[in-house]
Amino acid sequence: MDEFSADTFVNRDEPIPVVRLEPQDDLAYSEGEDHSSEERKRDVLKRHGKNLKENLRKAQDKVSDRGSSMQDRLLEKLLQQVIPIEDETASRNLSSSPQSEFVTRPSFNITTMSNNFRRFNARIGVVFVFQAKIIRLLSWHKPTHTLSLLATYTFVCLDPYLITVLPLALLLLGLLIPSFIARHPAPPSTISTSTPYQTHGPALAPAPTVKPVKELSKDFFRNMRDLQNSMEDFSQVHDRIVHLLTPPTNFSNEPLSSFLFLSAFLISLLMFIASDLIPWRILFLLSGWATIALGHPTIQRQFIHTHEHYIRPQEKVAKSYMDQWISHDIILDSAPQTREVEIFELQKLSHPTSEWESWLFSSSPYDPLSEGRIRGERPKGTRFFEDVRAPEGWEWSEKKWALDLWSREWVEERIITGVEVETEGERWVYDLRYEVEYDDSEYGDFDITPKKDKDVKGKRRVLPSWEEGSDAEGEGRGRRGEWRRRRWVRMVKRKWQPRRASDVGN
C-alpha cells in the first residue's frame, strides 16, 4: 500500500483529537497536598462506586458479545496488516502535554470505528432536521416564513449592529419558549374553548430532552439514508468546485492563471483604496434578496428557461473571446531555464604498448591533487558516452556533446596543478611527472638528475602550476604521466516533473 497519494487532501499530521469534556480521574496525589485533596479523593471514590453496577453490566454484555464479535476481531487483525503503522512519536509527545488530560488521539480501530459510527448516526438527526427546515425556508414552502426571513435580513443589512441580537433571539424563540410551552402545555380544546392559557402554576409535563434514536429503528435507518445522501451531495459539490477552480488556478493553463493572478492583484490594490466607498449594506441587501428570490418555484423556472435558451448558447462564444483576448494580451516567456553540464573523458596510458586507452567518462577531472587521487581511489563514471544521463529534473536541449576548446580556462578555474595543457589539437590535459631539479646558477650549471656520488649544491627550482604542451616538450623539464583528460559540454533545460510522494507528505 502506498504511504501517500498525490494531489489529495488528507490529514497526514496528528490524528483528529477526541475531546473529553471532563478530565480523566486520577487517584494519585502528591504528598504535599492539603485536606481538600482528601475530600476530592472521597468524591472520586464515591463516583466510582455509583458506576460500579454499570461497569459490571457492561462487562457482562462484553462477555456475552464475545462470540458475536469474533468476525470483527478477525477483520481488525486483517486491517492491521494492510493499514500502515502510524508514527506514535506525536502521541507520546502529546501524552506529556498538559492538554493530554482532555484530549486523546486514538489510532484506527475497526471496533471503535463501528461503535463511533452507530453513536454518530443515532445523534446526527438534529443536523438533518435543521437542514430540512433551511431547505423549506429557502424554497418558499411557506411564503410567510420566507418573507419573515427576508424582513429580518433587511433589518440586519440596514443596521449591522443588530446581528448581535440574533443569537439571543434564537435562544429565546428556538429553545427557551418552546421548552416552557412543553413543560406548561395548553389545556385540551375538548374541555372548553374559552379556557385561557395559564402561564402560572406547577409544571404539567416533563422537561423535553434530546435523546439518541434507538439502533435498528426506523429513525436510525432514516438517519443512515440522509447521511448517505449527504455524502453524495458533498462528493458532487467537492468535484464540481475542483472542476471549476483547479484548472484556472493551478497554472496548467498559464495565460489564464496569470490573468487571474494579475486581476486579483489589481483588484486587491483597488480595494485598499476604494473599499470604504462601496455601499456594502445595499450590496448585501440586494444580493441576499436576489439569492432567496431565485429559490421561488416560479422565478426558478423562468431563470432555468432563460439560461437554457439565451445564456448557454452564448457561453462558448464568450469563452472563445475571453481566451483569444487572454492569449493576445498575456505574453509569457516560455523559454525554459537552461544550464551547461560537463563531463570529462579520461584516458590511461598503456605501459606495454605506450598507447592511450579510453578509460571512462567522469564528472571529475581526476587531476593529480584531487581528493580521490590522493586516497588512491579509482575514478568513477561510465564507460560509454551514451550512458551519460542528464541531471534529475533536466533534459538535453542539444543533440550532441561539444568539445571544450578552452582547456586552459577550466584548468585555471579549478586551480589544477601538475598538468600539461594542450592549447591546440584535441585539447588534452596530461599529468606531469617531474624529476628533481636544482638551481645551481650561483655555482655554475645545473643538473636535471643529480648523481648519487656527487654532492648536491643549489636550490630547488619551483615549477609552474601547469604548462602548455609546447613549453613542456621544448625545454624537456616534464614528462607526461599515465592519465589525461579533456572536457565535453552540453546544454540542458528544465523539464516537467510530477510531484513525488515524499514532497506531498512534507
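This note walks through one predicted model, point by point.

1. **Overall make-up.** Start with the whole chain. The protein chain has 16 helices and twelve strands. Of its 506 residues, 18% count as buried. The chain exposes about 39,600 Å². Carbon and sulfur atoms supply 59% of that area.

2. **Contacts along the chain.** Take the contacts between residues at least 6 apart in sequence. Of these, 61% join residues at least 24 apart. Several pairs below show what such a link looks like.

3. **A hairpin.** Look at strand S3, residues 338-350, and strand S4, residues 355-362. They pair in the antiparallel sense, over seven bridges. Together S3 and S4 form a hairpin, with four residues between them. Ser 354 sits in the turn and has a positive phi of about 55°. Within the pairing, Leu 346 stands opposite Leu 360 in S4.

4. **The largest nonpolar core.** Which residues make up the largest nonpolar core? There are eight: Val 341, Ile 343, Phe 361, Val 388, Trp 394, Trp 401, Trp 488 and Val 492. S3 and S12 are the elements that give two or more residues to this core. Another core, of seven residues, lies apart from it. Its members include Phe 344, Trp 410, Ile 416 and Val 429.

5. **Phe 361 and its surroundings.** Phe 361 belongs to the largest core. Leave aside its neighbours within four places in sequence. Phe 361 is then in contact with Ile 343, Phe 344 and Glu 345, among others. Its contacts also include Lys 380, Gly 381, Thr 382, Arg 383, Phe 384, Phe 385 and Val 388. Two of these partners, Ile 343 and Val 388, are listed in the largest core as well.

6. **Met 491 in strand S12.** Met 491 lies in strand S12, residues 478-494. Is Met 491 buried or partly exposed? Its relative accessible area is 25%, so Met 491 is partly exposed. Buried would need a value under 20%. Beyond its neighbours within four places in sequence, Met 491 is in contact with Thr 338, Arg 339, Glu 340, Trp 396, Ser 397 and Glu 398. Met 491 and Trp 401 are 90 residues apart in sequence, yet their C-alpha atoms are 8.4 Å apart in space.

7. **A salt bridge inside one helix.** The count of salt bridges comes to 15. One of them joins the side chains of Lys 319 and Asp 323, at 3.2 Å from N to O. Both residues lie in helix H12, residues 297-329. They are four residues apart, about one turn of the helix. Lys 319 has 54% relative accessibility, so it counts as exposed. Asp 323 has 34%, so it counts as partly exposed.

8. **A salt bridge between strands.** Arg 485 forms a salt bridge with Asp 431, and the closest N and O atoms are 2.8 Å apart. This pair links distant parts of the chain. Arg 485 is in strand S12, Asp 431 is in strand S8 (residues 429-434), and 54 residues separate them. Why do both count as buried? The relative accessible area of Arg 485 is 2%, and that of Asp 431 is 3%. The cut-off for buried is under 20%.

9. **Further salt bridges.** Glu 371 forms a salt bridge with Arg 375. Their closest N and O atoms are 2.6 Å apart. Glu 371 counts as exposed because its relative accessibility is 58%. Elsewhere, a network of salt bridges links Glu 340, Glu 342, Asp 404, Arg 414 and Arg 487. Glu 340 has already appeared, as a contact of Met 491.

10. **A nonpolar patch on the surface.** Which residues form it? They are Leu 168, Leu 171, Leu 172, Leu 173, Leu 175, Leu 176, Ile 177, Phe 180 and Ile 181. Together they have about 850 Å² of accessible area. Ile 177 is found in helix H8, residues 166-183. At 41% relative accessibility, Ile 177 is partly exposed.

11. **Thr 154 in helix H7.** Thr 154 lies in helix H7, residues 143-158. Its relative accessibility is 18%, so Thr 154 counts as buried. Setting aside residues up to four places away in sequence, Thr 154 touches Leu 285 and Trp 289.

Definitions and conventions. Residues are numbered from 1 along each chain as its sequence is written. This is a predicted model: local features need pLDDT of at least 70, side-chain atom pairs count only at pLDDT 80 or more; totals for chains, interfaces and linings use all residues. Side-chain values use heavy atoms; hydrogens and water are left out. Two strands pair if DSSP finds at least two bridges between them. Buried means under 20% relative accessible area, exposed over 50%, partly exposed in between (1.4 Å probe, protein chains only). Contact means heavy atoms within 4.5 Å. A nonpolar core is a set of buried Ala, Val, Leu, Ile, Met, Phe, Trp, Tyr and Cys residues joined through side-chain atoms within 4.5 Å. Patches are made of residues with over 30% relative accessible area and no salt bridge: like charges are joined within 9 Å, nonpolar side chains (Val, Leu, Ile, Met, Phe, Trp, Tyr) within 5 Å. Accessible areas come from the Shrake-Rupley method with a 1.4 Å probe; for residues, only the protein chains shown count as cover. A salt bridge is a side-chain nitrogen of Lys or Arg within 4 Å of a carboxyl oxygen of Asp or Glu.
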